[in-house]
Amino acid sequence: MLKDITIGQFFPGDSAVHRLDPRVKIVLTVVFIIALFLAGGPVSYAVVIAFLAVVIGISGISPRLVVRGLRPVLFIIAFTAVLNLFYTPSATGEYLWQWGFLHISWEGVKVAFFMVLRLMLLIIATSMLTYTTSPIQLTDGLERLLSPLKKLHAPVHELSMMMSIALRFIPTLIEETEKIISAQKARGADFDSGNLIQRARAMIPILVPLFISAFRRADELATAMECRLYRGDVGRTRMKQLHIERVDICACVIFAVVIGAVIALGRYGL
């Protein structure tokens, strides 16, 4: 299961998606998420799925890798689907199945299906952002987008740095967890048998060294940054400056057409 967690990982490449300005990718991702909630029917969702499939194909990221990234959140997706399936009331008062306070209606089936589809597309879209954008680019993009907040004395650079470091350390902590689990199993630890409480107690030998390792890595990172005279955004320069290129403009135009079509179709319930 831990190997299936791919969020925060960056896969280098030279595709058009990789070459996009990080500011453009962040903005387009946010707009894409908003458009997901404006889609109202199978046709609009089909357009969204087709567009996302084209983006994945252009990026060169393996579709199997993208689908594998959904496995860690399958429980949340299934739980959301069950809630919408059994607790969505019928507009006509007719139900396909009913038992006590539980009931299934055509409206519930429809809402559950589109909710699952929406969550899956949302996760895939946000994962594509981290797959094709390095932590440094992500930090620079966030900082440039949030730069107007500097006038309000908001710590924009520090916030951007914290977010990118958090994303960067997700794969590292996952790898560390796998090593700890393997070491504990080699010593005879059992994490699969017993009831829920027993399994939770069995996780303590994993959590304690994991927290110690995380704090040690954080301390080492802070020491390394201090040794390199890191002083936040004060006097900081960049080796690579961000510029809007022709590929960014083309991507924005194509994206605007697709999102416009999704919103128009959603208004008609398609």
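**Exercise 1. The contact of α3 with α6**

Task: In this predicted model, find which residues of α3 meet which residues of α6, then work out how the two helices are arranged.

Solution.

Step 1. Start with the residues. On the α3 side, the contact is made by P42, Y45, V48, I49, L52, V55, I56 and S59. Their partners in α6 are F114, L117, R118, L121, I124, A125 and M128.

Step 2. Sort them by class. The contact of α3 with α6 holds 13 nonpolar residues, one polar and one charged.

Step 3. Turn to the geometry. Helix α3 covers residues 42-59 and helix α6 covers residues 106-131; they pack at an angle of about 25 degrees, and their axes lie 11 Å apart. Angles under 35 degrees count as roughly parallel, and α3 and α6 are therefore roughly parallel to each other.

Step 4. Add the handedness: the crossing of α3 and α6 is left-handed.

**Exercise 2. R118, a charged residue in α6**

Task: Is R118 buried or exposed, and which residues does R118 touch?

Solution.

Step 1. Place the residue: R118 belongs to helix α6.

Step 2. Check its accessibility. Buried means under 20% relative accessible area. R118 has a relative accessible area of 14%, so R118 is buried.

Step 3. List the contacts. With neighbours within four places in sequence set aside, R118 is in contact with L36, F37, A39 and Y45. You have already met Y45 as one of the α3 residues in the contact with α6.

**Exercise 3. α6 and its other partner, α5**

Task: Describe how α5 and α6 pack, giving the angle and the distance between their axes, and say which residues meet.

Solution.

Step 1. Read off the two values. The angle between α5 and α6 is about 155 degrees, and their axes are 8 Å apart.

Step 2. Translate the angle. Over 145 degrees counts as roughly antiparallel, so α5 is roughly antiparallel to α6. This crossing of α5 and α6 is right-handed.

Step 3. Name the residues. From α5 come I77, T80, A81, N84 and L85. From α6 come G108, V109, V111, A112, M115, V116, L119, M120 and I123.

Step 4. Sort by class: the contact of α5 with α6 has 11 nonpolar residues, three polar and no charged.

**Exercise 4. The nonpolar core**

Task: Which members of the largest nonpolar core touch the most other members, and which element gives the largest share?

Solution.

Step 1. Recall a general tendency: in soluble globular proteins, nonpolar side chains tend to be buried together.

Step 2. Find the best-connected members. The largest nonpolar core has 30 residues, and F32, L52, V66, L121, I124 and M128 touch the most other members.

Step 3. Map the core onto the elements. Two or more residues each come from α2 (22-36), α3, α4 (63-68), α5 (74-87), α6 and α11 (246-267). The largest share, nine residues, is given by α6.

Step 4. Look at M128 in detail. Not counting residues up to four places away in sequence, M128 touches V55, I56, S59, I61 and V66.

Step 5. Note a second core. This separate set has six residues, including I181, F191, A202 and I206.

**Exercise 5. α2 and α11**

Task: How are α2 and α11 oriented to each other, parallel or antiparallel, and what makes up their contact?

Solution.

Step 1. α2 and α11 pack at an angle of about 5 degrees, with 11 Å between their axes. These two helices are therefore roughly parallel to each other.

Step 2. V24, L28, V31, F32 and A35 of α2 meet D248, C252, F255, I259 and V262 of α11. By class, that is nine nonpolar residues, no polar and one charged.

Step 3. Compare two residues by accessibility. Exposed means over 50% relative accessible area, and partly exposed lies between 20% and that value. V27 lies in helix α2, and its 38% relative accessibility makes V27 partly exposed. R267 lies in helix α11, and R267 is exposed at 74%.

**Exercise 6. The chain as a whole**

Task: How many helices and strands does the protein chain have, and what fraction of its residues is buried?

Solution.

Step 1. Count the elements: there are 11 helices and two strands.

Step 2. Turn to burial: 35% of the 270 residues count as buried.

Step 3. Look at a local case. In helix α7 (residues 135-145), the buried residues are L138, T139, D140, G141, L142 and E143. These pack against α2, α6 and α8 (156-186).

Terms used. Residues are numbered from 1 along each chain as its sequence is written. This is a predicted model: local features need pLDDT of at least 70, side-chain atom pairs count only at pLDDT 80 or more; totals for chains, interfaces and linings use all residues. Side-chain values use heavy atoms; hydrogens and water are left out. Axes are lines fitted to C-alpha atoms, for helices over the stretch in contact, and angles run from 0 to 180 degrees between N-to-C directions. Helices (H or I, at least four residues) and strands (E, at least two) are DSSP runs, numbered from the N terminus. Angles under 35 degrees count as roughly parallel, over 145 as roughly antiparallel, 65 to 115 as roughly perpendicular and the rest as oblique. A crossing is left-handed if the near helix is turned anticlockwise from the far one by less than a right angle, and right-handed if clockwise. Contact means heavy atoms within 4.5 Å. Ala, Val, Leu, Ile, Met, Phe, Trp, Tyr, Cys and Pro count as nonpolar, Asp, Glu, Lys and Arg as charged, and the others, Gly among them, as polar. A nonpolar core is a set of buried Ala, Val, Leu, Ile, Met, Phe, Trp, Tyr and Cys residues joined through side-chain atoms within 4.5 Å. Buried means under 20% relative accessible area, exposed over 50%, partly exposed in between (1.4 Å probe, protein chains only).
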